[in-house]
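The exercises below are meant to be worked through with the sequence and the structure side by side. Try each task before reading its solution.

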Amino acid sequence: MSSKPSIRCAGIGKAFQLYAHQNDQLKQVLFGLWKQFYTEKWVLHDVNFTVEKGEHVGVIGRNGAGKTTLLQIICGITMPTKGTFEVDGRVAPILALGSAFDGLLTGRENARIGAAILGLSRKEVDERIESIAAFADIGSFFEQPMRTYSMGMVSRVAFAICAHANADVLIVDEALSVGDAVFQKKCETYIKDFSRNGTILMVSHDLNFLEELCDRVLWLDKGVVREIGDPKKVIAAYRAAMETENQTAGAA
Ligand SMILES: Nc1ncnc2c1ncn2[C@@H]1O[C@H](COP(=O)(O)OP(=O)(O)OP(=O)(O)O)[C@@H](O)[C@H]1O
């Protein structure tokens, strides 16, 4: 195993382009060399951190703080506007994978493609597909087009694929909030088992779970790393800040 960190982010910044009118995007393509037809919305600013091999890092922060965007950059779904990042090892992006499913294909077909994208050979996919179906546990829906699925069913299939991907690094975005109680328990058990050897970067609003699982917690506040370190300390500081905000909002 190499001694490189599993994940390294250096000076990551992300700006989305906002277009006021529908045809501004076309204008930007045609005349962008001369004039800018969008405004920039910066959602991440100079984010620096590393996750060592076998380390478990939780990411917390208010709605809109930039957590999902950060994970999407690390999974290669969106590019950073500034900075660089490196990931060493095979990544299983739980939930992010769900956004790539083809609604016209069945769960089984999407699971085969998803598993192949995550690096499994055809033989490995053949060997594991029934176990993926059993983990997803959505019965005959597995043979139906995914456009007929509920959000929870999509998440079940995405989680099931990732759980069979021989990943070195698990990137988890709010996985525990989507399934029902039985599936949540199954996911928790899987994540805890995985944590014995694997690296985990996990966004969650379940602060108790993160405190139990993680070696460090990163608090993202308006796109900036406000604190990173001991889970107990960072979560306590985050809770205190939320409490103060609630009181201020209540008094107003
Ligand atoms: N494609 C996009 N175009 C423009 N703005 C975007 C886009 N995607 C996300 N944003 C904005 O970026 C900011 C960060 O969003 P993000 O989803 O990363 O936050 P989050 O911390 O994961 O929030 P939550 O806890 O609600 O899931 C938000 O203000 C959001 O509106």
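**Exercise 1.** Which residue in β7 does D173 stand opposite?

Solution. The model is a predicted one, and the place to begin is the pair of strands β6 (residues 169-173) and β7 (residues 199-203), which run in the parallel sense and are joined over five bridges. Following this pairing to D173, one finds V203 of β7 standing opposite.

**Exercise 2.** Place these strands in their sheet, and explain why β5 and β9 each have one side without a neighbour.

Solution. First, trace the order of the six strands, β5-β6-β7-β3-β8-β9, which form an open sheet with mixed pairing. Next, look at the edges, where β5 and β9 (224-229) each have a single partner strand, so one side of each is left without a neighbour in the sheet. The twist from one strand to the next averages 15 degrees. Finally, add helix α8 (residues 231-251), which packs on the sheet by touching β3, β8 and β9, and whose direction makes about 25 degrees with that of β8.

**Exercise 3.** Decide whether helix α5 is mostly covered or exposed, and find what its buried residues pack against.

Solution. Helix α5 covers residues 151-162 and reaches 17 Å from its first C-alpha to its last, close to the 16 Å expected. Of its 12 residues, 10 are buried, and the helix is thus mostly covered; among the buried ones are M153, R156 and F159. These buried residues of α5 pack against β5, α3, α4 and α6.

**Exercise 4.** Which element gives the most to the shell around the ligand?

Solution. The residues around the ligand include F16, K41, N63 and K67. Two elements, β2 (39-51) and α2 (67-74), give two or more residues to this shell, and α2 gives the most, with three.

Key. Residues numbered from 1 in each chain as written. Predicted model: local features only at pLDDT ≥ 70, side-chain atom pairs only at ≥ 80, totals over all residues. Near = placed C-beta within 6 Å. Helix = DSSP H or I, 4+ residues; strand = E, 2+ residues; numbered from the N terminus. Expected span 1.5 Å × (residues − 1). Buried ≥ 20, exposed ≤ 12 C-beta atoms within 10 Å, placed from the backbone. Contact = placed C-beta atoms within 7 Å. Pairing = 2+ DSSP bridges. Axes fitted to C-alpha atoms, helices over the stretch in contact; angles between N-to-C directions.
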